[in-house]
Amino acid sequence: MDIQQRMTAFALLGATWVMWLLIGLSVVSVAIMLERAYFFAVTRDDIDALRKELLESLRRGDLAAARKRMQSSRSFEASFAMAGLDSAADGAAAANERIGGEEKIARLRMERNLAFLGTVGNNAPFVGLLGTVIGIIRAFHSLDQSQGKVTAGLMMDIGEALVATAIGIMVAIPAVAAFNYGQR
C-alpha cells in the first residue's frame, strides 16, 4: 500500500475526531479566558485613588501608612510601589532595579497561558481545514462509490467538511481576541 492509499484510508475514517479536538481546544481556551478574566478582575484597583493616597502618605512622611495602603491592594501598580518603598533606603538605583524586577514578575503573571490562546487562535483554522480536506476526500470517495450520483452520503460528507471549517474558525476568533486583549 502506498502513502496515498494509506492517507485515503485514514481520511475515510472521517473528520469527527478533528471536530472533537477543536471542541476540546475550545473548552480549554474558554477555561483560560475565564481564569484570566477573574485574575484581572481581582488584581484591579482604583489606580487614581491609590496614587493619590500614596502621594498624600509620602508628603506627610508616613511611610507606614503608605506601606499599609500598598499592601492592602492586589494591583500590580501597588506591588511596584511597594518594591520602591521597600528599597528606597538603598537609593534610587536600587529602587528602580527592584521595581523593574517586579514589573517582569507582573508581566509573567499577566501573560500566563496567553501563548496557548495564541497558538489555538493561529492554528484552529488549519485544524478545521484538515477536517475539511478529510470531508472532501470522503465526499469524492462517496461520489466514486455511487458512480457519480449525488447521494445522501455524499451530502453528509460535504456537510461534515463545511462544519469542520466553521468550528475551526469559531474556535480561533475568541482565542485570538482573548490573546490580543491579554497582550494589552
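A charge is taken to sit over a ring if NZ of Lys or CZ of Arg is within 6 Å of the ring centre and within 35 degrees of the ring normal. In this predicted model, the charged end of Arg36 sits over the ring of Phe40, 5.7 Å from its centre. The charged end of Arg36 also sits over the ring of Phe39, at 4.3 Å from the centre of that ring.

**Aromatic cluster**

A pair of aromatic rings is described by the distance of the centres and the angle of the planes. The model contains two aromatic pairs. In one of them, Phe39 and Phe40 are edge-to-face, with 5.4 Å from centre to centre and 70 degrees between the planes. The other joins Phe39 to Phe76: the ring centres are 5.8 Å apart and the planes stand at 50 degrees, so this pair is tilted. Here Phe39 belongs to helix H2 (residues 16-42) and Phe76 to helix H5 (residues 76-86), so that the pair links distant parts of the chain, 37 residues apart.

Phe39, Phe40 and Phe76 together form one aromatic cluster. Why does Phe40 count as buried? The relative accessible area of Phe40 is 18%, and buried means under 20%. Phe39 is likewise buried, at 11% relative accessibility, and Phe76 is buried with a relative accessible area of 7%.

**Salt bridges**

The structure holds eight salt bridges. Three that join separate elements are set out below, with the N to O distance of each pair.

| Salt bridge | N to O distance | Location | Sequence separation |
|---|---|---|---|
| Glu35 and Arg112 | 2.7 Å | Glu35 in helix H2, Arg112 in the loop between helix H6 (92-110) and H7 | 77 residues |
| Arg67 and Asp86 | 3.3 Å | Arg67 in helix H4 (residues 63-72), Asp86 in helix H5 | 19 residues |
| Arg138 and Glu160 | 3.7 Å | Arg138 in helix H7, Glu160 in helix H8 | 22 residues |

Glu35 lies in helix H2 and Arg112 in the loop between H6 and H7, so their salt bridge ties together parts of the chain that are 77 residues apart in sequence. Glu35 is partly exposed, with a relative accessible area of 26%, and Arg112 is partly exposed as well, with 44%. This pair is part of a network of salt bridges in which Glu35, Arg36 and Arg112 are linked. Arg36 thus has two roles in the description: the residue takes part in that network, and its charged end sits over the ring of Phe39.

In the pair of Arg67 and Asp86, Arg67 counts as partly exposed at 27% relative accessibility, and Asp86 is partly exposed with a relative accessible area of 35%. Is Glu160, the partner of Arg138, buried or exposed? Glu160 counts as buried, at 15% relative accessibility.

**Nonpolar cores**

The largest nonpolar core has 17 residues. The residues with the most contacts inside this core are Val18, Leu22, Leu117, Val120, Ala124, Ile167 and Val171. Which elements give two or more residues to this core? They are H2, helix H7 (114-145) and helix H8 (152-183). Leaving aside residues up to four places away in sequence, Val171 touches Leu22, Ser26, Val120 and Ala124. A second, separate core consists of eight residues, among them Ala66, Met70, Ala78 and Leu85.

**Two buried small residues**

Ser29 is located in helix H2 and is buried, with a relative accessible area of 1%. What does Ser29 contact, apart from its neighbours within four places in sequence? The contacts of Ser29 are Phe116, Leu117, Val120 and Ala175. Two of these partners, Leu117 and Val120, are also named among the residues with the most contacts inside the largest nonpolar core.

Ala15 is found in the loop between helix H1 (3-11) and H2, and counts as buried at 0% relative accessibility. With residues up to four places away in sequence not counted, Ala15 touches Gly131, Ile134, Arg138 and Glu160. Arg138 and Glu160 are the partners of a salt bridge, so Ala15 is in contact with both residues of that pair. The C-alpha atoms of Ala15 and Asp48, which are 33 residues apart along the chain, are separated by 53 Å.

Conventions
Residues numbered from 1 in each chain as written. Predicted model: local features only at pLDDT ≥ 70, side-chain atom pairs only at ≥ 80, totals over all residues. Heavy atoms only, no water. Phe/Tyr/Trp six-rings, centres within 6.5 Å; stacked < 30°, edge-to-face > 60°. Buried < 20%, exposed > 50% of the residue type's maximum accessible area, 1.4 Å probe, protein only. Helix = DSSP H or I, 4+ residues; strand = E, 2+ residues; numbered from the N terminus. Core = buried A, V, L, I, M, F, W, Y, C linked by side-chain atoms within 4.5 Å. Contact = heavy atoms within 4.5 Å. Salt bridge = Lys/Arg side-chain N within 4 Å of Asp/Glu carboxyl O.
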